[in-house]
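Colleague: Could you take me on a close look at how the helices at the start of this chain pack against one another? I would enjoy a connected walk through that one part.

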Amino acid sequence: MRMSANAMKIQTLIDRLERERTLSDAELEELFAILAQAHKGPGAGKVQICADIPQAVCSEEEAILYAAARRVREQYYGKDVYLRGLIEFTNYCRNDCRYCGIRRSNKKAERYRLTKDQILDCCRQGYNLGFRTFVLQGGEDLSYTDAAICDIVSSIRALYPDCAITLSIGEKSRESYKAYKDAGADRYLLRQETSSPAHYRYLHPEELTIENRKRCLSDLKELGYQVGCGIMVGSPGQTLANVIEDLRYMQDFGPHMIGVGPFIPHKDTPFKDEAPGTLTDTLHLLAVIRLMIPGVLLPATTALGTIHPVGRELGLLAGANVIMPNLSPVNVRGKYLLYDGKICTGDEAASCRHCMDLRIARAGYKTAMVRGDCAGFAVND
Ligand code: SF4
């Protein structure tokens, strides 16, 4: 079958991106524009990229991109998909990010905190289900002092020495990050959401700055964490130039993980009437990131699964290699709502785990219940 002119153009750009890990800004713009056009054009839905997932259809141009992204992810991670056990331990937050459902001025949010014993209970359940990474995520809740966080981390470290501990608790001082690291934390997730100062200002309250966010990320990396950054796709005010600026920042920074999910509005935030980000734009970006930063850990996010029934499977088929099922107690799951419609809020951890195995297998991959460190990252035990 003869390739269309656009498919040939995409093939040329993707070959170079795979080889050289970069393109000029103009070429990246052209790449995203052709992909978007192909997705809507007469060739949309022409190629089936996974026989077991009927919805896994795309244009010829997108198929070229996704095949390259899978090829590169398999060079680094084979067919393995790493699972992380997510424990959302507090939905109190001192910040007021305009897109977030647990922002401090949302008086309708039903707040909760887990005790240390509850957190350890989640870890115990997770460990018995085979999880070897725990992700402790929360708003910036100052009622957990540094000493309390260190106590929780060191207890998990002592009980589960073969597990990785990831924290995702926001902006802190370098001293705090060092204390958590010394207590046994291995990894830290802190999405910048956008690297553009003007766009950052639009999404966040005055007191938060992109400079401080980048300072945090640099401190974390210097302290020896495996560091995750990331962005929302289709957030209000986002332009393609913003996304390219993010790609440049992330490639320069060299994160170990990149969380990319679509913006989904929450009904009790200032952005409640904004349009959500799209599945397609998110998949395109995931695949381009895989080609630009090849060894990075790339989650198929819960937000992706929220905007499409097989969004996470499609994420895996676009180069993602991590999924983060929820280990939080079922009675609080529905309260950690950063956005509307979040999936998996009613399932027990065991059924989530089983469901993930099936979804991963259907996409042609296999669940790997290991720590799942970033390729090439030397872990000192
Ligand atoms: S995005 Fe994070 S820091 Fe901002 S309000 Fe939500 S939980 Fe707090």
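**Three helices in contact**

Modeller: Happy to! Let me begin with a handedness: α1 and α2 cross in a left-handed sense. Please keep in mind that this is a predicted model. Helix α1 covers residues 5-20 and helix α2 covers residues 25-40, and their axes come within 10 Å at a crossing angle of roughly 140°. Angles over 145 degrees would count as roughly antiparallel, so α1 and α2 are classed as oblique to each other. On the α1 side the contact uses Asn6, Lys9, Ile10 and Leu13, which meet Glu27, Leu31, Ile34 and Ala38 of α2. Sorted by class, that contact holds five nonpolar residues, one polar and two charged.

Now turn to helix α3, residues 60-77, whose axis comes within 9 Å of the α1 axis, with a crossing of roughly 20°. That angle makes α1 roughly parallel to α3. Here the crossing is right-handed. From α1, the residues taking part are Asn6, Ala7, Ile10, Gln11, Ile14 and Glu18, while α3 brings Glu60, Glu61, Ile64, Leu65, Ala68 and Val72. The contact of α1 with α3 divides into seven nonpolar, two polar and three charged residues. Asn6 and Ile10 are worth following in your viewer: they meet α2, and they also belong to the contact with α3.

The remaining pair is α2 with α3, which pack at about 125° with their axes 8 Å apart. Those two helices are therefore oblique to each other. Ile34, Leu35, Ala38 and His39 of α2 meet Glu61, Glu62 and Leu65 of α3. By class this contact has four nonpolar residues, one polar and two charged. Ile34 and Ala38 of α2 are shared in a similar way, since they meet α1 and also meet α3. On α3, Glu61 and Leu65 take part in the contact with α1 and in the one with α2.

To place this part in its setting, the protein chain has 14 helices and eleven strands. Its radius of gyration is 20 Å, close to the 21 Å that the globule rule gives for 381 residues, so the chain is as compact as a globular protein of that length. Along its principal axes the C-alpha trace spans about 65 × 45 × 40 Å.

Terms used: Residues are numbered from 1 along each chain as its sequence is written. This is a predicted model: local features need pLDDT of at least 70, side-chain atom pairs count only at pLDDT 80 or more; totals for chains, interfaces and linings use all residues. Axes are lines fitted to C-alpha atoms, for helices over the stretch in contact, and angles run from 0 to 180 degrees between N-to-C directions. Helices (H or I, at least four residues) and strands (E, at least two) are DSSP runs, numbered from the N terminus. Angles under 35 degrees count as roughly parallel, over 145 as roughly antiparallel, 65 to 115 as roughly perpendicular and the rest as oblique. A crossing is left-handed if the near helix is turned anticlockwise from the far one by less than a right angle, and right-handed if clockwise. Two residues are in contact if their C-beta atoms, placed from the backbone, lie within 7 Å. Ala, Val, Leu, Ile, Met, Phe, Trp, Tyr, Cys and Pro count as nonpolar, Asp, Glu, Lys and Arg as charged, and the others, Gly among them, as polar. The radius of gyration is taken over C-alpha atoms; the globule rule is 2.2 Å times the number of residues to the power 0.38.
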